[in-house]
Structures are given as structure tokens and as C-alpha cells.
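Trainee: Before I use any labels for this model, I would like to go through the reasoning behind them. Could we take them one at a time?

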Amino acid sequence: MRLLGTALTVLTLLSVPAALALPTYRKQAAQQFRYDRDNPLWALDRRVVPCTYCHVKATGGAPWNPFGEAIRASFRADAQAGKHTKFPVVLHTLLASEGDADGDGYSDVLEVFARTLPGERESHPRTAEKELRAAYEKAGGIAQYATETKK
């Protein structure tokens, strides 16, 4: 047991530089979506919140998929209104709007809850929407993705 604890400590220390190398938005999204729970090496696991959550390419950058475009549009609207809202708040607001960026019949927030990709039509929950919505509401609904940010 002691060896396991030591190994986990070493792996955690080794992961610090890699965690710092992850893009800020991905780190924030992983924590906001609670995808970092039950995964002590989440910062090293690109499957937690892959670039393809928002981008077409697995390496990120342009172009953006429909969900990424929805986030970008939210930032543009925010800027045009003279605001400087932080990413977690923009993301929460977008999810609360119950949009379906990829048009697959599941709202973006339900896809986040089910851990499928909200910007990729072929990636959608395998659970019926009604059942998934009930589980989502039981888990706390949109409040579970709320975040406090410093302004």
C-alpha cells in the first residue's frame, strides 16, 4: 500500500509540468464539468476534455466545430456589449441556454453531462433524452456546472 502511495505521489509530481502545459480553457472546462473527478492524472489525459470538444482538429486551432463556434459567438456578443466575462461564466451561460450546437437532438449541456462531444453530431449520448434529462436534473442540473470566478 505504501508503494502505491509513493508511486502515485511520483506520478503526480511528474504530471505538474504537463498540467501546466494544457491550455487554460481545457483545464478550466475539465474542472467546471467535474471531469477531473476520480482521475488523479486528469491533467495528462487528453480524453478528459479533448481539443475536439471545440475544434475540428484533434490538435486544436482553427477551424472550430459548431460548439466551438457557439463559444466564440458568445465571447463576441459579450465583447460587443462591453463586457469582459471570463471563460467559465461564458461557458456556463452557453450551457444554460440549452442550445444544441451540433443538431443531434441533445442539448449541449446534456452532452457535457453524458461526456459526449457537443460539437460533433455523430458523438451523442446512447441514453434516451428523457432518461438522460432526469439523471441530469437529479444530479443538480445546470447548477453543477456553475463556477465562481474572480473579476
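Mentor: Let us start with Thr116, which in this predicted model is buried, with a relative accessible area of 12%.

Trainee: Why is Thr116 called buried?

Mentor: The word buried is kept for residues under 20% relative accessible area, and Thr116 has 12%, so the label applies. Thr116 lies in the loop between α5 (108-114) and α6 (129-138).

Trainee: Which residues is Thr116 in contact with, leaving aside its neighbours within four places in sequence?

Mentor: They are Tyr53, Glu111, Ser123, His124 and Pro125, where contact requires heavy atoms within 4.5 Å.

Trainee: Tyr53 also appears among the aromatic pairs, I believe. What makes Phe33 and Tyr53 a tilted pair?

Mentor: The structure holds seven aromatic pairs, and in this one the centres of Phe33 and Tyr53 are 5.8 Å apart with 35 degrees between the planes. Rings pair if their centres lie within 6.5 Å, and planes count as stacked under 30 degrees and as edge-to-face over 60; a value of 35 degrees meets neither condition, and therefore the pair is tilted. Both Phe33 and Tyr53 are in the loop between α2 and α3, 20 residues apart, and both are buried.

Trainee: How do you know which class the pair of Phe33 and Tyr145 belongs to?

Mentor: The same two quantities decide, since a pair of aromatic rings is described by the distance of the centres and the angle of the planes. For Phe33 and Tyr145 they are 5.9 Å and 85 degrees, and because 85 degrees is over 60, the pair is edge-to-face. Tyr145 lies in the segment after α6, so the pair ties together parts that are 112 residues apart in sequence. Tyr145 is buried, as is Phe33, and Phe33, Tyr53, Phe67 and Tyr145 form one aromatic cluster.

Trainee: What makes the charged end of Arg72 count as sitting over the ring of Trp64?

Mentor: The charged end of Arg72 is 3.8 Å from the centre of the Trp64 ring, which satisfies the distance limit of within 6 Å; the label also requires a position within 35 degrees of the ring normal.

Trainee: Finally, what lines the largest pocket?

Mentor: The largest pocket, with a volume of about 310 Å³, is lined by 19 residues, of which Tyr25, Arg26, Cys54, His55 and Phe87 lie nearest its centre. By class, the lining has 15 nonpolar, two polar and two charged residues, and its largest share, five residues, comes from α3.

How values were computed: Residues numbered from 1 in each chain as written. Predicted model: local features only at pLDDT ≥ 70, side-chain atom pairs only at ≥ 80, totals over all residues. Heavy atoms only, no water. 1 Å grid on protein atoms, 1.4 Å probe; cavity = no way out; pocket = protein on both sides within 12 Å on 5 of 7 lines; lining within 4 Å. Points joined across faces, edges and corners; volume = space filled by probe spheres on them. Helix = DSSP H or I, 4+ residues; strand = E, 2+ residues; numbered from the N terminus. Nonpolar A, V, L, I, M, F, W, Y, C, P; charged D, E, K, R; others polar. Buried < 20%, exposed > 50% of the residue type's maximum accessible area, 1.4 Å probe, protein only. Phe/Tyr/Trp six-rings, centres within 6.5 Å; stacked < 30°, edge-to-face > 60°.
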